[in-house]
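Here's a quick tour to follow with the structure open beside you. Pick out each piece as it comes up, and take your time.

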Amino acid sequence: MEKESYIYRNCPIPGGGYVTGFVFHEKNPSVKYVRTDIGGVYGYDVDNDSWYSLIDHVSMSDLSETYPIAIALDHQDPDYLYIACGVDNKPNGVFAVSHDRGLSFRYYTMPVYVHGNANGRGTGCRLIVDRNDPDILYFASQKDGLLISYDRGESWELLDAFPEKYMTFVGQSLDGKYLFAAGAGVTTAVSERLRGHSLYVSKDSGKTFEPMTGPIDSEIEGVAFAGHVAQRYSVSSKYLYVTYSVMGRNAYVRELGYSCDGGSVIGGRIYRYDMVNLVATDVTPAEECDQEMRPASGISTGLLEYGFSGISAGNTSKGLLIASTICRDDGDCIYRSFDYGNSWECVLHGLDTGRMDFRTSYMKPEYNGGRNLIHWLTDLKLDPIDEKKAWFNTGTGVFRTDDIMAYEVCFSDRCDGIEETVHLNVYAPPAGETVLIDIVGDLGGFAFSDIDKQCENSFADDKGNRYITCINADYSDEDPSTVIVTPRGNWTGETRGGLILSHDGCKTFERLSLPYGISDELDKALREIEKPNVNSGWVAISPDTEHIVWSIADGIKLPIGRVVVSHDGGQTFSHVSVKKASGEEIVSGCMKVFSDRTDSTKFYGFGDKSEFYISTDSGETYTQVETPEIFPETDFGMIDCANKTEIRGESGMSGIYYAALGDEGLWKITFDSENMKVHIYRLSEYGDKIYRVGLGLGGPGEDYINGPKALYLVGVLDGSYGFYRTLDEGGTYVRLNDNYQRFGDINSIEGDPRVYGRFYIATGSRGVLYGEPAGPE
């Protein structure tokens, strides 16, 4: 098979996702890493002040490395890197070991569940290298207790002496004398509503453990599973510091509901333990602490309505200590102490205390309801080489100050190179200023007019308030500036889900009025969609932009009974009718809708058991047509990321679609509306796997609408995983990547209709990228 050299670049977001933790080498300033919940591990490029991904070699066949829960470094040898990672649906994790700072890895099986996107992922550190013996590693697992390895992670065994299975961290004193470990108090629970003890210490390398003094626990009204859970720690030569939080009243998970990603936490505390005899002192900052120093007598005593998580102590700057809150209603805070926590001052809170200089446009307050977007601030770190510098994480990337000791501390986002947003669908309009429409989880969507520059904001209302997690978009090939999108409403309620319509290539949007009054069932569904963070469904628009068909979601499903149509550009809607060929009404099952690319009278439906439907009255009624026996049963009746298929209509042609069905390969589907039939052609060989498909310009200088198309694929052809292009519908292929250009989970692919050879990749772990020929060397 022919291979063409390609280069890949990100269309920059950047950031956008939850960075769950930092690990910095304490002796080498160039060795810094962050872990993310779904985007793998990033290393730091000191010279360019940017980050680089360590998962570009990861394919869809095993996504374990995209979900790291812990990183560890060898204290003496900075070239060693250890990563514990794993996917949610497997009982065993993967342990990745590198001797060259992530350039290459060896992999070992971990005998426990590991998943970097599970609740509690912001606690830590869960993985450490023993300070006195680099062959020994400790791992605090999420559900299976404390493990030890005597051979640098090749094999593991359980330390039975530790009493708790659900863990949050493991640590060691600088001299290796003490081993600290913390759990979530699940297996040691006092009662159904009260967790067991959290923090323990071992003085014999894990052979025995004894509890350490911590906050007093009791049941709390409205809290399903109370009790302080140790979140994070920091060790200096003089003290151990530990942050604590309690499950909040609005937590939506029980056992793992001890951190901000469980919904809410309260009862935050900070404890300081001296390293001589481990005597505990509560040094929690007072709630009213502002930018004036508070004496030790101002230490908080009551139940706080937020938690504490991040903590970092200076070793060269004696007495320096910083800490962060989580789940604080009026915005999370960073506190600073110069006297080991005896007194505190707030150096960052919202937009009033401290300063935020946003380098990334969508992060600015004007696009976030006039607020600081900081949330899920679970980790912060002083640079061990230069303790004036400090970093903190968020659910939207990482931030840094170059002078944590200043009177007014200034933080700025430092996410260059971090592209870990989840991209759900990607579209390249054939004309107009917008060259790429990017549908994104959490951030909603971006419209790129220049694929090498950040967009000013994601999809938003006229006040700049962002919509979140759009599911799909559709546009007219005749009028590509008209775009219809299915967003969720944001967490604050300032935007609401449903349909948003743009007439200027996604620069501005109008939210269409929801069609209440059609039926009680639809009214109930629409009320649910107006709640924060609820899927809106799937939408299609006709070439003349007058007809809009909307499959209103029920979670991830698209029920037939919830499909509505508008014939006046979204001003009014009515219920569609779906029938069998016999005329019998179909009321059950699911259907995803697509518009014909040239004929505004035609729409098509794809069902949850490979059913096909044709509408010849602009989406008003649909008739089921017979599915040829050769076509494999496939569930199309869910939003794309749930059923893992991709369907693309061919511009300039009526009724022609291409479908990537994963293990079942690539298919061409032609709807014959005149005879009410569907014709099916298998384009891939048996055994080949095609996960995603998109269409692009068929050759240099070709007319995209009226000319031939190139098909771009990701899958396994002839046993080889990669990205491919075919100009003859699968007769021949060209491979477009090497084994270090895989980019993890791929949710969507689209060819560029204007530039031959360019195509776009919407990943679930590495942002949105474009690939194009490398050209002559």
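Let's start with β11 and β12: strand β11 (residues 127-129) pairs with β12 in the antiparallel sense, over three bridges. Keep in mind that this is a predicted model. From this pair we'll move on to a neighbouring hairpin, then a pocket, two sheets with a helix, and a cavity.

**β12 and its partners**

- Within the β11 and β12 pairing, V129 stands opposite L137 in β12.
- Strand β12 itself covers residues 137-140, and both of its faces are covered.
- On one side of β12 you'll find L137 and F139, on the other Y138 and A140, and all of these are buried.
- β12 also pairs with strand β13 (residues 146-149), again in the antiparallel sense, this time over four bridges.
- One spot to look at in that pairing is A140, which stands opposite L146 in β13.
- β12 and β13 make a hairpin, with five residues between them.
- Check out G145 in the turn of that hairpin: G145 has a positive phi of about 90°.
- A bit of background: strands of a sheet pair through backbone hydrogen bonds, and the pairing is either parallel or antiparallel.

**The second largest pocket**

- How much space lies in the second largest pocket? The value comes out at about 800 Å³.
- This pocket is lined by 32 residues, and the closest to its centre are F24, E26, H75, R131 and K381.
- β11 shows up again here, as one of the elements that give two or more residues to the lining of the second largest pocket.
- Others in that group include β3 (19-24), β7 (68-73), β15 (167-172) and β28 (380-382).
- The largest share of this lining comes from β19, with four residues.

**V235 in β19**

- V235 sits in strand β19, which covers residues 228-235.
- Is V235 buried or exposed? Its relative accessible area is 13%, so V235 counts as buried, which here means under 20%.
- Leaving aside neighbours within four places in sequence, V235 is in contact with Q172, S173, L174, L240 and N315.
- V235 and Y273 are 38 residues apart in sequence, and their C-alpha atoms are 9.5 Å apart in space.

**A sheet with a helix packed on it**

- Four strands build an open sheet in the order β39-β40-β41-β42, with antiparallel pairing.
- Why do β39 and β42 each have one side without a neighbour in the sheet? They stand at the edges with a single partner strand each, so one side of each is left free of a neighbour.
- β41 and β42 pair over two bridges, and within that pairing the bridge partner of V565 is S574 in β42.
- Helix α1 packs on this sheet and touches β40, β41 and β42, and its direction makes about 85° with that of β40.
- In α1 (residues 520-529), the buried residues are L522, D523, A525, L526 and I529.
- Looking down the axis of α1, you'd see its buried residues fall within an arc of 165°, so they line one face of the helix.
- Those buried residues pack against β40 (548-552), β41 (563-566) and β42 (574-575).
- Turned away from the buried side of α1 is a face that carries the exposed residues D520 and K524.

**The sheet from β48 to β51**

- Here's another open sheet of four strands, in the order β48-β49-β50-β51, with antiparallel pairing.
- β48 (646-649) and β51 (677-682) are at the edges with a single partner strand each, so one side of each has no neighbour in the sheet.
- From one strand to the next, the twist averages 20°.
- β50 (residues 666-672) pairs with β51 in the antiparallel sense over six bridges, and W667 has R682 in β51 as its bridge partner.

**Cavities**

- How many cavities of 30 Å³ or more are there? The count comes to five.
- The largest cavity holds about 320 Å³ of space.
- It is lined by 24 residues, with Y427, D474, R597, R648 and G649 the closest to its centre.
- Elements giving two or more residues to the lining of the largest cavity include β32 (423-427), β35 (473-475) and β44 (591-595).
- β39 and β48, which you met in the two sheets, are also among them.
- β48 gives the largest share of that lining, with four residues.

Methods: Residues are numbered from 1 along each chain as its sequence is written. This is a predicted model: local features need pLDDT of at least 70, side-chain atom pairs count only at pLDDT 80 or more; totals for chains, interfaces and linings use all residues. Side-chain values use heavy atoms; hydrogens and water are left out. Two strands pair if DSSP finds at least two bridges between them. Axes are lines fitted to C-alpha atoms, for helices over the stretch in contact, and angles run from 0 to 180 degrees between N-to-C directions. Buried means under 20% relative accessible area, exposed over 50%, partly exposed in between (1.4 Å probe, protein chains only). The arc is that of the directions from the helix axis to the C-beta atoms. Contact means heavy atoms within 4.5 Å. On a 1 Å grid over the protein atoms alone, a cavity is a set of points where a 1.4 Å probe fits but cannot get out, and a pocket is an open set with protein on both sides within 12 Å along at least five of seven lines; lining residues have an atom within 4 Å of a point. Grid points are joined across faces, edges and corners, and a volume is the space filled by probe spheres set on the points.
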